[in-house]
Amino acid sequence: MAKETGDSSEQSMRELRDVSLRLPGEHFFCETIDLPKGAQQEDLYEIAQVVLSEERFSPYPVDQLAWGFHSSLEESKMFIFASPMAKLKQLGWQNLEIFRHVFPSFVSLLGRNYAKPTVAFLLHEETLTAAAFESESRVPALLFSMPIDLEDEESMERTRGKLLSLMDLEKFEVESDVLVSDDLEQTKDGSFQFEHHWLDGDDPKMEINPASSLSEDELWGIDLRQVAFKFQEKRRRRQANVRWKVIMGSTIGMAAMLVAFIGIKIMGIKLEEKRLVAENMAMEVPLVIESQKMLEKLRQNKLGGIDPFGAIGRLAQHRGGSGDQPDLWFSMAHFESRVEVKLEGEGKSVPSVNNFIEKLKQNKVAEILGEKIKSGGGKTTFDIELELTELDGNAGSKEANDNQDGSKES
């Protein structure tokens, strides 16, 4: 039986809380400042808010901005970036509080350090960023981002040239290759490691493993959400961590006691009795499994058996796009049963995959049991586990009519 809609929504929210969202860097305006003499860690948020309140930096009030910063007390430098929340909402990014972290796309450049003055390039999805770093500095002196067209072979060089025209190339050495962002992984201490690969990868002088990392405090500073929310969420997660450790410790202790108790009991049982019990259990297990398989097969046959073409047809109607240019494609569909489907494929972008999932929920086509969306190197892939809703004849006709009406309106 399908779960209630509320349970499905709660499960989706829990899954989104494990996602770190990266927004295109071209939507942010940036500036690097010198920190006041004697500035401490606890002063950084207040310093950033003072700068953001200056009209020369932003015409918007601070509470209308999605902003963050990256700083170094040793260098007395702070890099500040912001974007109007109204603009991000118009572009489809809202309800940012549900994600684990929300960063600008150039976040992984902020975790790098260069021995000499360097201009580094980073490609994340369809955004190219150029950042100029002074010698032995983790804070960029300059940073600019522009969108590129990955289908246009000359777009990369044109955009790269435009970004370089904004830099003083007499002061900085330009890296010969472009970093391409890959997955990011959270370590046990709360820091993040950002994986990259080189776009060309044919320069032997470049790093073999161009990864970068940021500490937990740095990550919260770069996070784009409001200060009050970040402090509250940071405290909530630490409390949840403590509770989890206490629960795990208690569970392990109880499990150890249970194992010891069972061990003592088993030692008192005769070997012959153990052999007979094991034989009986071994004989019954296959029968139980076969009975379960038979019951499930009878239930599937009663419902009409697996209908892969019909199921794929129902799902394909919600891919978005038009005609032979849908917003996403299916590459594999595995049917565990007539309603349980594991779906893999590619999409044009992360929003297009999220729109597909949302349409399945809104139209009550399926309940999403699990989803994994990966985006990197200009490619977005997805793995979705779902449970199709059972349709009777009338329901099937109604869904078909609704889809036809939707097509006419679009």
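## Strands β15 and β16 and their sheet

In this predicted model, strands β15 and β16 (residues 340–347) run antiparallel and are joined by 7 bridges. One point to look for along this pairing is histidine 334, whose bridge partner in β16 is lysine 342. The two strands belong to an open sheet of 4 strands, ordered β15-β16-β18-β17, with antiparallel pairing. At its edges stand β15 (328–335) and β17 (366–376), each of which pairs on one side only. Ignoring direction, neighbouring strands of this sheet are turned by 15° against each other on average.

Two helices meet this sheet. Helix α8 (residues 308–316) lies across β15, β16 and β18 (379–388), and its direction is about 145° from that of β15. Helix α9 (residues 350–362) packs on the sheet as well, touching β15, β16, β17 and β18, and its direction makes about 180° with that of β17.

## The sheet of β2, β4 and β3

Another open sheet is built from 3 strands in the order β2-β4-β3, again with antiparallel pairing. Here β2 (29–34) and β3 are the edge strands; each has a single partner strand, so one side of each is left without a neighbour in the sheet. From one strand to the next, the twist averages 20°.

If you would like to follow the register, β3 and strand β4 (residues 77–84) pair in the antiparallel sense over 8 bridges. Among the residues involved, histidine 70 has phenylalanine 79 of β4 as its bridge partner. Phe79 also appears in a ring cluster, where ring pairs link it with Phe28, Phe81 and Phe106.

## Helix α2 and its two faces

Helix α2 lies across β2, β3 and β4, running at about 125° to β3. Which residues of α2 are buried? They are Leu44, Tyr45, Ile47, Ala48, Val51 and Leu52. These residues are on the same side of α2 because they cover an arc of only 160° around the axis. The face turned away from that buried side carries the exposed residues Glu46 and Ser53.

## Aromatic pairs

A search of the whole structure finds 12 aromatic pairs. One of them joins tyrosine 45 and phenylalanine 69 in an edge-to-face arrangement, with 5.0 Å centre to centre and 85° between the planes. This pair links distant parts of the chain: tyrosine 45 is in helix α2 (residues 44–53) and phenylalanine 69 is in strand β3 (residues 65–72), 24 residues apart. Tyrosine 45 has a relative accessible area of 16%, so under the 20% cut-off it counts as buried. Phenylalanine 69 is buried too, at 5%.

Phenylalanine 192 and phenylalanine 194 make a tilted pair, 6.2 Å centre to centre and with 55° between the planes. The relative accessible area of phenylalanine 192 is 3%, which makes this residue buried. Phenylalanine 194 is also buried, at 1%.

## Strand β11 and its partners

Those two phenylalanines lie in strand β11 (residues 192–198), on a covered face made of Phe192, Phe194, His196 and Trp198. The uncovered face of β11 has Gln193, Glu195 and His197. Why do residues take turns between faces in this way? In a regular strand the side chains alternate between the two faces of the sheet.

Strand β11 pairs with two strands named here. With strand β10 (residues 179–186), the pairing is antiparallel over 6 bridges, and glutamate 185 stands opposite glutamine 193. With strand β12 (residues 212–214), the pairing is again antiparallel, over 3 bridges. Glutamine 193 stands opposite serine 213 in that strand.

## Charges over rings

Two contacts between a charged side chain and a ring are worth a look. Lysine 230 lies over the face of tryptophan 67, 5.6 Å from the ring centre. The ring of phenylalanine 330 has the charged end of arginine 319 over it, 5.8 Å from its centre.

## The chain as a whole

Stepping back, the secondary structure of the protein chain comes to 10 helices and 18 strands. What share of the 410 residues is buried? Buried residues make up 37%. Among contacts between residues at least 6 apart in sequence, 59% join residues at least 24 apart.

Note on methods:
Residues numbered from 1 in each chain as written. Predicted model: local features only at pLDDT ≥ 70, side-chain atom pairs only at ≥ 80, totals over all residues. Heavy atoms only, no water. Phe/Tyr/Trp six-rings, centres within 6.5 Å; stacked < 30°, edge-to-face > 60°. Buried < 20%, exposed > 50% of the residue type's maximum accessible area, 1.4 Å probe, protein only. Lys NZ or Arg CZ within 6 Å of the ring centre and 35° of its normal. Pairing = 2+ DSSP bridges. Axes fitted to C-alpha atoms, helices over the stretch in contact; angles between N-to-C directions. Contact = heavy atoms within 4.5 Å. Arc of directions from axis to C-beta.
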